[in-house]
Amino acid sequence: MSRIAVVPGSFDPVTLGHIDVIERASHVFDEVHVLVVHNPDKTAFLPLVQRVALLEASIRDAGLPARVSVHSWSVGLLVDYCTDVGATALVKGIRSQVDVAYETPMAIMNRSLAGVETVFLLPDPAHAHVSSSLVRQVAGLGGDVSPYVPAAVSEYLEHG
Ligand code: PNS
């Protein structure tokens, strides 16, 4: 039986830290669904469709296998998506104690709701300080974000 995992996030925009976690998840699971989730608690920087397109380009450019696919989800529980596609695990990257505090209640809730386990992966230290929110801030203030994001994202942010 094939083991399917979902890597969810806002990916607003996708960073090299995300690509690292997605690639590592592909070493552990047979199929990886990268899921761009509409988070009603956040005002989006990029539209959902653009986040999906940038993830697809970045995953292709990183040479990840076809068992890694990109999807989006804007209505309902994340675990409903997992149940629909037969995924038994969520994969999240954990950079710090702040991430642990943010992720722990959601992991417990998702297991309680649908028996979906959450697997936490530690980041490559090279990406431990990288977040979408810092990328947005640096880009918005005219800084160079190319060391932190895939080429498709830096090109999009620079030229549209
Ligand atoms: O990249 P982000 O913004 O940290 O991703 C957060 C995300 C999308 C993973 C989180 O908001 C989430 O899990 N949303 C799903 C909503 C849901 O199912 N909530 C109920 C159980 S926790």
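Q: Let's start with the ligand: where does the ligand sit?
A: First a reminder that this is a predicted model. To place a ligand, ask whether its atoms fall in one of the hollows of the protein. Here the ligand sits in the largest pocket.

Q: Which residues are around the ligand?
A: For a shell like this, you look for residues with a heavy atom within 4 Å of the molecule. In this model the list reads G9, S10, V37, N39, K42, L77, L78, K92, Y102, M106, M109 and N110.

Q: Which helix gives the largest share of that shell?
A: The idea is to sort the shell by the element each residue belongs to. Helix α4, residues 97–114, supplies the largest share, with four residues.

Q: Which side chains have an N or O atom paired with an oxygen atom of the ligand?
A: Look for pairs of N or O atoms within 3.5 Å. The side chain of S10 has such an atom 2.5 Å from a ligand oxygen. For the side chain of K42, the distance to a ligand oxygen is 2.6 Å. N39 belongs here too, with a polar side-chain atom 3.5 Å from an oxygen of the ligand.

Q: And how much of the ligand's accessible area does the protein cover?
A: You take the area of the ligand on its own and ask what share the protein hides. On its own the ligand has 560 Å² of accessible area, and the protein covers 78% of that.

Q: Back to K42: where is K42 in the fold, and is K42 buried or exposed, or in between?
A: Under 20% relative accessible area is buried, over 50% is exposed, and partly exposed is in between. K42 is in the loop between β2 and α2. Its relative accessibility is 48%, so K42 counts as partly exposed. As for L78, another residue around the ligand, its C-alpha is 16 Å from that of K42, and the two are 36 residues apart along the chain.

Q: K92 is around the ligand as well. What are its surroundings?
A: With a residue like this, check the element, then the burial, then the contacts. K92 lies in strand β4, residues 89–93. Because its relative accessibility is 12%, K92 counts as buried. Beyond its neighbours within four places in sequence, K92 is in contact with P8, V21, E103, M106, T118, V119, F120 and L121. One of these, M106, is also around the ligand.

Q: Can we try the same reading on a histidine: what does H33 touch?
A: Sure, same three steps. H33 is in strand β2, which spans residues 31–37. At 7% relative accessibility, this histidine is counted as buried. Setting aside neighbours within four places in sequence, its contacts are I4, A5, V6, V7, S69, H71, Y81 and V85.

Q: What backbone features are there in the loop between β1 and α1?
A: Here you read the torsion angles: omega for the peptide bond, phi for the residue. The bond from D12 to P13 is cis, with omega near 5 degrees, and P13 is in the loop between β1 (4–9) and α1 (16–28). F11 is in that loop too. Its phi is near 50 degrees, a positive value in a residue other than glycine. F11 counts as buried because its relative accessibility is 3%.

Q: What about T15: buried or exposed?
A: T15 is found in the loop between β1 and α1, and at 2% relative accessibility it counts as buried. Leaving out residues up to four places away in sequence, T15 touches V130, S131, S132, V135, Y148, V149 and P150. A polar atom of its side chain is 3.2 Å from the backbone nitrogen of G17.

Q: How far apart in space are T15 and L55?
A: For this you compare C-alpha positions with positions in the sequence. T15 and L55 are 9.2 Å apart, C-alpha to C-alpha, with their places 40 residues apart in sequence. Q50 and D12 make another such pair, 38 residues apart in sequence and 9.2 Å apart in space. Q50 is in helix α2 and, at 21% relative accessible area, is partly exposed.

Q: Which helix do the buried residues of α6 pack against?
A: Find the buried residues, then see what they contact. In α6, residues 151–159, A152, V153 and S154 are buried. The buried residues of this helix pack against α2 (48–61). Just after α6 comes G160, with a positive phi of about 80 degrees.

Note on methods:
Residues numbered from 1 in each chain as written. Predicted model: local features only at pLDDT ≥ 70, side-chain atom pairs only at ≥ 80, totals over all residues. Heavy atoms only, no water. Helix = DSSP H or I, 4+ residues; strand = E, 2+ residues; numbered from the N terminus. Buried < 20%, exposed > 50% of the residue type's maximum accessible area, 1.4 Å probe, protein only. Contact = heavy atoms within 4.5 Å. Polar contact = N/O pair within 3.5 Å; in protein donor to acceptor, adjacent residues only side chain to side chain. Areas by Shrake-Rupley, 256 points an atom, 1.4 Å probe, with all protein chains shown as cover. 1 Å grid on protein atoms, 1.4 Å probe; cavity = no way out; pocket = protein on both sides within 12 Å on 5 of 7 lines; lining within 4 Å. Sits in = over half its atoms within 2 Å of the grid points.
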